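Visitor: I would like a close look at a single part of this model, namely the packing of one pair of helices and the core to which they belong. Could you take me through that part with the cut-offs stated?

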Amino acid sequence: MAEVAYGVATSHTPSIGVAIDNDREEEPYWAPLFHGYEAGRKWIADAEPDVIILAYNDHASAFDLDLIPTFALGVADEFPIADEGYGPRDIPIVEGHSELAWHLAESLILDGFDMTICNHMPVDHGLTVPLSIMYGKPDRWPAKVIPLAVNVIQYPPPTGKRCWDLGQAIRRIVHDFDEDLKVAVFGTGGMSHQLQGERAGWVNTPFDKEFLDKLVDDPVALTRISHTRLLSDAGSEGIELVMWLIMRGALGRNVREVHRHYHVPASNTAAGLMILESEEHTAFL
Amino acid sequence: MARARRDYDDIPGTYVFDGERHRMGYRLNMMCMSLNDPANREQFKTDEAGYCDRHGITPEQKKAVLERDWLELLRLGGNIYYIYKVAIIDGVSFQHVGGVMSGMTEEEFKQMMLDGGRNDG
């Protein structure tokens, strides 16, 4: 049977993708960030997840203001790379896992999560930068990817509690899928950052470090943080951190921390990476 | 009608893109969205004012687009990810835009980020 074995939380700042695409990882500005990614790349080469369920947010690429799904699941066999205004990144197309994606969509809806189901879904930096962070520049992505787009741009995003519950449901539902698959769930975005307004450039390192600590051993506390506190403490775009709770909810109660990295700045963002392995081999509830 | 008060209104220098701002900024943001298409980017570059007129944005929004008044665009309902598509056409970075919005040069803004970011607002 399939199992959520791994969790990865990472920022998805577009400039990180630009640095990878242009072989700038060893430049003085970028080296401290990328050196912290090396352990992650080594880990994933051994862990070899078959499928990644990747929680990210679309940034005015697949969706615009005419259609704002709170949770959208990509069920297609492949997902093209979006043109966000610069032309699409020159990276491999993202291959989906349609069978598992449909199993997730059907089961989640019957479980009370009103998912939006998507076939045509160009994927932007929110999804592709985490793949590049973990895999570098392969000719083909080593894992199939099920995009899980979460609205965090139009206020209000789903609550942290709802994201956590969704993660728990994903854990149970993946467990019911009758094929031997090692599944990783990625939660992306964050950490603290603010792109807009007079407060642009906001970073809150104490908040981020506490968030990383609690993500490991007290995630329920994180589900109680209000949106207003997230906006205030993590910054207007730091509210993306709710997506990390989908990942953490999908891992069960006990996790082993494999790797942690935190660096300021990646352009305007405090960049975080955390890799966790589930220590439970049964469904969470 | 006055905008209903929200508890996040007290966060300094922050424009939360809620329903009220969405209503103000719908056409403006959708115009920016159209710039994902390379042909539209060329049209915009050729005649920015005409492009704005064709998308039916308000005169205030049009003025702010033409002047690259990023803060004013936020006040008029612009969402940062949408209005940034205009900055992409200009070839400027988020550090540049962040600096303009917070009254700093791009170099000052970059240095602030290298020093650990803004944490006094």
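Guide: What follows is an account of one nonpolar core and one helix pair. This is a predicted model, in which local features need pLDDT of at least 70, side-chain atom pairs count only at pLDDT 80 or more, and totals for chains, interfaces and linings use all residues. Residues are numbered from 1 along each chain as its sequence is written, and chains are lettered from A in the order in which they are written.

The largest nonpolar core (buried Ala, Val, Leu, Ile, Met, Phe, Trp, Tyr and Cys residues joined through C-beta atoms within 7 Å, buried meaning that 20 or more other C-beta atoms, placed from the backbone, lie within 10 Å of a residue's own) has 124 residues, and those with the most contacts inside it include Leu54(A), Ile170(A) and Met243(A). Helix α6 (residues 160-175) of chain A gives the most to this core, with seven residues, a helix being a DSSP run of H or I with at least four residues, numbered from the N terminus.

α6(A) packs against helix α10 (residues 242-249) of chain A at an angle of about 30°, with the axes 6 Å apart, the axes being lines fitted to C-alpha atoms over the stretch in contact and the angles running from 0 to 180 degrees between N-to-C directions. The two helices, α6(A) and α10(A), are therefore roughly parallel, a term for angles under 35 degrees. Residues of α6(A), among them Gly160(A), Cys163(A) and Trp164(A), meet residues of α10(A) that include Val242(A), Met243(A) and Leu245(A), where contact means C-beta atoms, placed from the backbone, within 7 Å. By class, this contact of α6(A) with α10(A) has eight nonpolar, four polar and two charged residues, with Ala, Val, Leu, Ile, Met, Phe, Trp, Tyr, Cys and Pro counted as nonpolar, Asp, Glu, Lys and Arg as charged, and the others, Gly among them, as polar.

Note on methods: Buried ≥ 20, exposed ≤ 12 C-beta atoms within 10 Å, placed from the backbone. Parallel < 35°, antiparallel > 145°, perpendicular 65-115°, else oblique. Contact = placed C-beta atoms within 7 Å.
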